[in-house]
Amino acid sequence: MQQAKILCVVGARPNFMKIAPVMAALGASSNLAPYLVHTGQHYDAAMKHAFFDQLGIPEPDEDLGVGSGSHAVQTAEIMRRFEPVLDREQPALMLVVGDVNSTIACALVATKKGVPVVHVEAGLRSGDRAMPEEVNRVLTDQISDLLFITEREAEPNLAREGIDGERVHFVGNVMIDTLRAQLEKKIPAATSFNDAGADVIFQPGAYGLLTLHRPSNVDDPEVLKRLLTILRALSEELPLVFPVHPRTEAKIRETGLLNLIDSPRILMLPPQGYLQMLGLMAEAQLVLTDSGGIQEETTALGVPCITLRENTERPITVTQGTNTIVGTSPEKIRAAFDDVMTGGGKAGRVPELWDGHAAERIVSVLESWLAERQ
Ligand code: UD1
């Protein structure tokens, strides 16, 4: 039997750790053949190459080189450049992951061409339509033929939006497949501190890890100032390690807020590779973040996470994991921080099917789905 071509799309940093196990599992199947398209939404070496190399993702078969732009420009440009690739490759299925602009852009092109769409990490909802990713999630799920979910909570979310349960499969979390596969290879925090020439106050197990990049936190100078002020205060008690996203770095410079966090107790680093980040997360006393993925990774690692957002699309990290949602109020951030410093934070447990085998389950569903349609 001829192998069915599965066209997989990645675009931005959080997609890379999700596609890695999917590409590996597709590669191991004798019935399916992966073809990888990178839209180029993220393009810097630190935002892309480090991940492809460390995670053993094959070089993309096609790089659309889209780059940055407004939401409309970026999304439109991805669609424009993706269409001829889809026409040429004629895949049996098109698979997207996550919730970035590349996800919805390629899903929209494929569905209108009659190419079935597969969405990995479907059904997550924050309920906050002001978040660009929430719009991407809702729309991608509406036009997907097969939806793979990471937690059971996603099922009622999709049912509420009229999506037929037959299309939905609970398979676990591909991002945690990657975490489990790479954990032994993580780069110790001490190595990252050494490489950065960090002060001796930065010691494994005795620092907080901070990440910040959501537009709602970094684009509004008032909110950014409020957050950086409280974070600076917390750093007086626990040194903070802060890998800075390019978007955040630009905003901190534009708004002249650099002096607020210019302290020997805050270690600002460039965007880190996956294995460096894994070491930094695993050995942190606590993590402060507005990332979606890090909420899940800290739950899998059992490290306390304080989420600097008003909501989460990943509620299982709160109900079962180590995550606490605090928003941007300095009082709430302080209270959650004190809680972890004095009581060690929530113990948490690893959610159902976050066992390192989600990608294999996905491939087995794809094989049966295609076999049924032959
Ligand atoms: C995107 C995703 C977000 C994800 C985040 C992780 C959308 C809507 N957002 O947000 O869900 O959590 O990626 O990083 O898809 N830049 C660089 N180098 C790069 C890429 C970007 O310098 O390789 C800078 C550019 O100035 C760009 C800015 O970062 O304008 C923002 O990049 P963009 O892709 O628009 O969104 P992110 O904030 O990264």
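**Ligand shell and largest pocket**

Modeller: In this predicted model, α3 and α11 each contribute at least two residues to the shell around the ligand.

Colleague: What makes a residue one of the 17 around the ligand?

Modeller: A residue is counted as near if one of its heavy atoms lies within 4 Å of the molecule. Those that come nearest are Gln41, His42, Asn101, Glu133 and His213.

Colleague: Why is the pairing of the Gln41 side chain with the ligand called a polar contact?

Modeller: An N or O atom in the side chain of Gln41 is 2.8 Å from an oxygen atom of the ligand. The cut-off for such a pair is 3.5 Å, so the Gln41 pair qualifies. The side chain of His213 likewise places an N or O atom 2.8 Å from a ligand oxygen, and for the side chain of His245 the distance is 2.9 Å; both values lie within 3.5 Å and therefore count as well. As for cover, the ligand has 740 Å² of accessible area on its own, of which the protein covers 84%.

Colleague: How do you know which space the ligand takes?

Modeller: The test is that more than half of a molecule's atoms lie within 2 Å of the grid points of a pocket. The ligand meets this test for the largest pocket, and is therefore said to sit there. That pocket holds about 1100 Å³ of space. Its lining comprises 48 residues, with Pro14, His42, Met47, His213 and His245 closest to the centre. Among the elements giving two or more residues to this lining are α1 (13-28), α3 (71-89) and α11 (246-254).

Colleague: What makes eight residues of the ligand shell polar?

Modeller: The class follows residue type: Glu, for example, counts as charged, whereas Gly counts as polar. On this basis the shell has five nonpolar, eight polar and four charged residues. The lining of the largest pocket divides into 19 nonpolar, 17 polar and twelve charged.

How values were computed
Residues numbered from 1 in each chain as written. Predicted model: local features only at pLDDT ≥ 70, side-chain atom pairs only at ≥ 80, totals over all residues. Heavy atoms only, no water. 1 Å grid on protein atoms, 1.4 Å probe; cavity = no way out; pocket = protein on both sides within 12 Å on 5 of 7 lines; lining within 4 Å. Points joined across faces, edges and corners; volume = space filled by probe spheres on them. Helix = DSSP H or I, 4+ residues; strand = E, 2+ residues; numbered from the N terminus. Polar contact = N/O pair within 3.5 Å; in protein donor to acceptor, adjacent residues only side chain to side chain. Areas by Shrake-Rupley, 256 points an atom, 1.4 Å probe, with all protein chains shown as cover.
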